[in-house]
Amino acid sequence: MEWDGLFEDLEDQLASGWEAERAALDAEAERVRFARIELRARLAALVADAPALNATLTDGTTMRGRLRATGADWAALDLSETHSTALLPFGAVVQWGLDHGSVLASGSTQAPLSPLRERMTMGFVLRDLARRRTGVALRVRPGTLLAGTIDRAGSDHLDLALHDAGEARRSHAVRGFRLIPFDAVMTVIVGDTAGSALG
């Protein structure tokens, strides 16, 4: 009987050791997996659920809304207080405020962007806004607010015709022009109430 107890004890120790080793290997594999995840992939994983979040910009401004879409170097929020959408370059956001469940969900799956979304850079979206002649409100570093229409978007900059928010781009309404580097853009607000961003 003493031998039976000894063998059972050894089996328990061996099983416990194997479980501890398996847990350590699983934890290390999870650390390695997580180390490969990019911010844009974490945000892309959340788009389907459209969580409410806060995005704090480099000038301290906080944008509140629901995550609508992501691209190669940007995210779009449907703003909570208006019928507008904010295009946010990743480089302009210093922190994303999410609830704990969304933080965990964003890191639990590695959802790569589709090949189309991989090519949808900030410049691609801005060129589409220029093509559509859409009125926008821009916040540029260090916090300057501008309203107008994007006339053209190059590889790293845009041409903005300045006019009052909500007004159509007509030659008599244009008050001036600006060449704005993409790196200076913190938000591009599009929508019926884009002018309220200048408010």
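**Notebook: helix 2 against helix 3, and three backbone details**

I looked up the contact between two helices and found that R42, A45 and L46 of helix 2 meet S102, V103, A105, S106 and G107 of helix 3, where contact means heavy atoms within 4.5 Å. By class, I have four nonpolar, three polar and one charged residues in this contact, with Ala, Val, Leu, Ile, Met, Phe, Trp, Tyr, Cys and Pro taken as nonpolar, Asp, Glu, Lys and Arg as charged, and the others, Gly among them, as polar.

I note that the model is predicted, that local features need pLDDT of at least 70 and side-chain atom pairs count only at pLDDT 80 or more, while totals for chains, interfaces and linings use all residues. Residues are numbered from 1 along each chain as its sequence is written, and side-chain values use heavy atoms, with hydrogens and water left out.

Next I checked the geometry: the axes of helix 2 (residues 39-46) and helix 3 (residues 100-108) come within 8 Å and cross at roughly 115 degrees, the helices being DSSP runs of H or I with at least four residues, and strands E runs of at least two, numbered from the N terminus. The axes are lines fitted to C-alpha atoms, for helices over the stretch in contact, and angles run from 0 to 180 degrees between N-to-C directions. Helix 2 and helix 3 are therefore roughly perpendicular to each other, a term that covers 65 to 115 degrees.

I then turned to helix 3 alone, where S102, S106 and G107 are buried, that is, under 20% relative accessible area, with exposed meaning over 50% and partly exposed in between (1.4 Å probe, protein chains only). Seen down the axis of helix 3, these buried residues fall within an arc of 125 degrees, so they line one face of the helix; the arc is that of the directions from the helix axis to the C-beta atoms. On the face turned away from this buried side I found the exposed residues H100 and L104.

Last, I went through the backbone. Most residues other than glycine have a negative phi, and most peptide bonds are trans. A cis peptide bond joins R141 and P142, with omega about 5 degrees, and P142 lies in the loop between strand 6 (135-140) and strand 7 (144-153). A50, in the loop between helix 2 and strand 1 (52-57), has a positive phi near 45 degrees and counts as partly exposed at 24% relative accessibility. R133, in the loop between helix 5 (122-132) and strand 6, has a positive phi near 60 degrees and counts as partly exposed at 42% relative accessibility.

Notes: Parallel < 35°, antiparallel > 145°, perpendicular 65-115°, else oblique.
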